[in-house]
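Let's take a friendly walk through the spaces and helix contacts of this protein. Have the sequence and the 3D view open as you read.

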Amino acid sequence: MTTTTGFVYRFHDGNAGMRDLLGGKGANLCEMARLGLPIPPGFVVSTDGFREFDRLDRQLPDSLWQEVQEALKEVEEAVGRSFGDPDDPLLVSVRSGSKFSMPGMMDTILNLGLNDETVEGLAKAANDRRFALDSYRRFIQLFAKVALNADADAFEKVLDDAREKAGAASDADLSETDLEDVIRRYKEIASTGKKPFPTDTLDQLRIAISAVFESWTNERAIAYRNHQHISHDLGTAVSIMAMVFGNTGPSSGTGVCFTRNPSTGERALFGEYLPNAQGEDVVAGVRTPKPISELQSEMPDAYNTLFEHTKNLESHFRDVQDIEFTIENGRLFILQTRSGKRTAMAAVKTAVDMVDEGLISRDEAILRVPADELSQLLLPHFDDASKQRAVEDGRLLGTGLNASPGAATGIVAIDGDDAEHHGKRAILVRPETSADDMPAILKAGAVLTSRGGITSHAAVVTRGLGKPAVVGLTAIHVDTQRGEVSVEGTVLKTGDPISIDGFTGEVFSGTIDTVPADISSNDNLQKLLGWADAARRLEVRANADTPGDAARARSFGALGIGLCRTEHMFFQEERLLHIREVLMSPRHEDTEAAADTQANGVYENALKSLEEYQTSDFRGILEAMDGLPVVIRLLDAPLHEFLPPIEGLIEDVAVARVTDVPESEASEKEALLEAARSLYETNPMLGHRGSRLGITHRDIYEMQVRAIFRATKELIDAGKDPQPEIMVPLIMGEAEVKLLKAGLTELAKGLGEDLGRPARIRFGTMIEVPRAALAAAIIAPHVDFFSFGSNDLTQMTFGFSRDDAEEKFLRYYVESDILPRNPFATIDETGVGRLIEIAVNEGRKGNASLELGLCGEHGGDPLSIDFCHRVGLDYVSCSPPRVAVARLAAAQAALGQTERDV
């Protein structure tokens with residue numbers, strides 16, 4: 001009977017609830033041991049061991065190493081072999097595993113315990129020298145790459161040369177003689193590593209545990225954790241277990257399977273396997289595996305046993321399982337199970353189906369689907385006509401495996417640096433991907449590989465990230481040295497356009513038009529969102545500036561518009577002329593000049609024209625949102641944005657003075673330049689905009705209010721139920737609100753008599769200046785609602801310019817843990833959140849019926865939505881494509897689901 005010690009846990013000592021201590025992999029191995037599943041004997045070095053290793057400047061504690069050796073003796077007893085025995089050696093695998101699944105990001109070493117003596121003992125015990133040599137060359141390659149930092153490409157080159165020389169289709173076809181030569185050359189490469197290759201098996205194990213611990217801080221693991229917002233403080237456990245071999249001949253093999261299809265959610269065993277292979281062959285994608293269905297005919301007993309275990313594991317964990325298995329001479333072993341990474345489409349279908357199957361509750365289904373991933377369901381498809389033209393033009397390069405859904409058009413990027421440089425425009429094209437490609441995959445828009453299957457590294461990672469991917473397109477040849485892709489005479493070089501269809505597996509040269517997805521036809525999603533709507537408290541509205549956007553937002557389930565930005569309506573060419581005429585006229589306080597301008601009628605005619613445009617704009621938006629609130633923000637943009645850049649105007653005026661330009665045209669250019677100069681500001685985002693504009697240019701705000709009332713009257717006369725709300729932006733205190741409200745209220749009274757009903761249109765303000773948040777108690781009595789403009793509030797609280805900060809230093813701040821997250825993506829609860837909380841509490845003290853909403857980009861971010869729920873806001877407003885995300889996130893917040901820093 002063993003007892004659990006400080007750092008090492010035997011498989012029978014743990015359970016699935018010990019993920020913090022044993023990592024997801026180790027905890028689930030322990031759980032499977034408790035369930036009596038066929039797993040090899042072994043033990044787990046805990047995350048406490050990792051932290052002690054880290055504390056000791058990356059040295060294994062003596063006590064930990066002593067515990068490892070004691071646990072190893074128990075494994076020897078269980079399998080009847082001894083570690084390092086030259087006659088019948090025990091070999092082990094050393095695998096990483098943190099609390100959260102990080103597929104392929106950290107390191108694993110297999111076949112550990114081999115040297116020139118033990119390999120002969122393995123050959124004798126197995127009565128198969130070729131198998132022993134194959135295991136040895138695998139061990140040298142993996143150990144040298146992971147633990148000694150030897151050149152990984154050099155090993156692949158040796159193996160490629162050996163296959164070519166022997167005329168072998170795959171590694172499995174290499175002879176004993178071939179493998180002996182490969183091992184000799186592998187040793188030469190391994191000797192170039194950072195330290196000598198160890199022959200003592202205990203030295204190998206000690207170095208391997210340290211190397212796996214150190215892989216927690218490799219570049220790809222850090223990049224993945226940054227992308228997935230996983231804490232860098234968690235550390236990794238290490239699982240050590242007896243090796244079982246899938247490379248002992250035709251009755252052996254290895255594979256990966258999912259209990260349901262991870263792309264579609266279909267309830268059927270899904271996966272791949274390779275006969276006479278080891279696990280890294282499947283994941284690395286070096287050989288294209290067979291579908292799991294063929295295992296049923298090739299090894300029926302092993303398949304039937306696997307099928308039963310997969311059903312039991314899904315039922316036990318009540319979630320889709322991703323299972324690794326090995327068959328050794330017909331005997332099945334389960335090496336790992338974990339919750340399967342899946343697309344949003346699969347996550348939604350699986351959650352709904354499991355409710356129907358009685359496996360989980362509706363609330364669990366709501367919590368089961370990551371809200372942020374619902375945006376994947378809006379991944380574009382290729383336009384059918386454009387795609388058909390590409391086929392007719394002969395641009396179809398071939399069809400691979402549709403590994404991850406979505407359609408992408410971009411440019412070829414074969415080198416990882418190119419993919420990182422071009423970002424989402426890049427289609428990363430590789431023979432196969434490995435964990436080292438992770439930084440490039442995170443940046444690229446999509447992935448294409450010539451080798452690998454649907455459970456390869458590229459497929460698993462892109463599905464988890466929601467990026468389109470096609471793998472195993474064997475028709476193409478990827479030349480990484482020359483930076484080009486070729487297929488049957490067609491050559492694409494780095495930077496050439498390419499299109500991939502992750503729904504069908506088709507790959508095309510050139511570009512293809514894409515069209516947005518229609519989520520209204522997704523019955524499973526609509527059912528899940530219906531459950532979410534019943535569970536949430538926060539209302540979800542949309543930010544929309546056009547009737548089309550408003551209609552689209554409503555189709556996504558938005559219950560109104562929380563932000564209609566009127567400045568966006570002035571940038572059409574015919575409208576710019578009129579807004580420029582208004583801006584180029586003298587301000588109202590210059591009465592004499594203003595009188596001259598008004599006498600000419602230019603100013604008034606420009607305002608009337610703008611009023612007609614605005615009336616039409618508001619009528620369309622209010623009609624699209626009939627019966628639902630529409631918050632219309634009066635003009636907010638800095639005025640210089642409506643004029644051409646000063647530099648260009650100076651050049652135009654200079655040219656006009658020395659050429660035969662008509663006098664009227666030259667005068668117009670000079671007037672534009674004078675207006676631009678008069679409106680120029682050193683820092684326009686903190687300058688003459690928002691309520692300041694409404695106070696100094698009252699005619700503009702009054703024109704907009706008249707347009708709102710006219711549109712409202714027309715719709716009421718047509719039997720509609722428009723619900724406009726007027727919002728003034730960028731106020732700093734009570735005085736601005738009172739002044740603007742008084743003037744607009746007087747105007748509204750005069751217009752309201754014509755509406756045919758009591759026409760009290762609600763009046764509110766944005767809270768986006770820190771002073772306004774702090775003065776909420778005295779502002780609130782004068783308004784019906786606050787809407788937090790979290791974009792500007794974040795800029796002003798941090799003193800960051802969003803456009804400059806994100807490009808210049810913000811990414812570094814996040815990667816360096818100066819900031820936990822990008823504050824423009826997720827609300828900074830410490831500073832910005834504190835201001836919002838103060839404004840909420842103080843505002844409601846000043847006005848008990850005050851409605852509170854948020855309308856910045858944060859309105860579509862699940863973590864920010866959780867914050868909004870906790871501080872008591874009434875609604876959030878986001879862009880139309882994020883409405884479904886916000887609906888689900890609001891329900892998760894109500895059910896107590898939070899995903900703040902783990």
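What volume does the second largest cavity have? The answer is about 40 Å³. Please keep in mind that this is a predicted model.

**The enclosed space**

The structure holds 2 cavities of 30 Å³ or more. To find the second largest one in your viewer, select P103, Y224, Q228, K341, V460, V461, G464 and L465, which line it. Two helices each supply at least two residues of this lining: α9 (219-228) and α18 (457-465). Of the elements involved, α18 gives the most, with 4 residues. By class, the lining of this cavity splits into 5 nonpolar, 2 polar and 1 charged.

**The open pocket**

Now turn to the second largest pocket, which has a volume of about 720 Å³. Its lining counts 32 residues, and those that lie nearest the centre are M685, R689, D792, Q795 and R802. Strand β27 (561-565) and helices α31 (790-798) and α32 (802-808) are the elements that give two or more residues to this lining. The largest share comes from α31, with 5 residues. Charged residues number 12 in the lining of the second largest pocket, alongside 10 nonpolar and 10 polar ones.

**Three helix pairs**

The table sets out how three pairs of helices pack.

| Helix pair | Angle | Distance between axes |
|---|---|---|
| α4 (118-126) and α5 (129-147) | about 145° | 7 Å |
| α5 and α6 (152-166) | about 160° | 9 Å |
| α24 (646-658) and α25 (663-679) | about 150° | 9 Å |

Start with α4 and α5, whose axes are 7 Å apart. Here α4 passes α5 in a right-handed crossing. On the α4 side, the contact is made by V119, E120, L122, A123 and A126, and α5 brings R129, F131, A132, L133, S135 and Y136. These residues of the contact of α4 with α5 comprise 8 nonpolar, 1 polar and 2 charged.

Next, follow α5 to its contact with α6, where the two helices pack at an angle of about 160°. That angle makes α5 roughly antiparallel to α6. Is the crossing of α5 past α6 left-handed or right-handed? α5 passes α6 in a right-handed crossing. From α5, the residues in contact are R137, I140, Q141, A144 and K145, and they meet A152, F155, E156 and L159 of α6. Grouped by class, the contact of α5 with α6 has 5 nonpolar residues, 1 polar and 3 charged.

The last pair is α24 and α25, packed at an angle of about 150°. This makes α24 roughly antiparallel to α25. The crossing of α24 past α25 is left-handed. Which residues make this contact? I646, L649, I650, D652, V653, A656 and R657 of α24 meet A666, K669, E670, L672, L673, A676 and R677 of α25. In the contact of α24 with α25 there are 9 nonpolar residues, no polar ones and 5 charged.

**To take back to the viewer**

For a return visit, α18 is a handy starting point for the second largest cavity, giving 4 residues to its lining. For the second largest pocket, try α31, which contributes 5 residues to the lining.

Terms used
Residues are numbered from 1 along each chain as its sequence is written. This is a predicted model: local features need pLDDT of at least 70, side-chain atom pairs count only at pLDDT 80 or more; totals for chains, interfaces and linings use all residues. Side-chain values use heavy atoms; hydrogens and water are left out. On a 1 Å grid over the protein atoms alone, a cavity is a set of points where a 1.4 Å probe fits but cannot get out, and a pocket is an open set with protein on both sides within 12 Å along at least five of seven lines; lining residues have an atom within 4 Å of a point. Grid points are joined across faces, edges and corners, and a volume is the space filled by probe spheres set on the points. Ala, Val, Leu, Ile, Met, Phe, Trp, Tyr, Cys and Pro count as nonpolar, Asp, Glu, Lys and Arg as charged, and the others, Gly among them, as polar. Axes are lines fitted to C-alpha atoms, for helices over the stretch in contact, and angles run from 0 to 180 degrees between N-to-C directions. A crossing is left-handed if the near helix is turned anticlockwise from the far one by less than a right angle, and right-handed if clockwise. Contact means heavy atoms within 4.5 Å. Angles under 35 degrees count as roughly parallel, over 145 as roughly antiparallel, 65 to 115 as roughly perpendicular and the rest as oblique.
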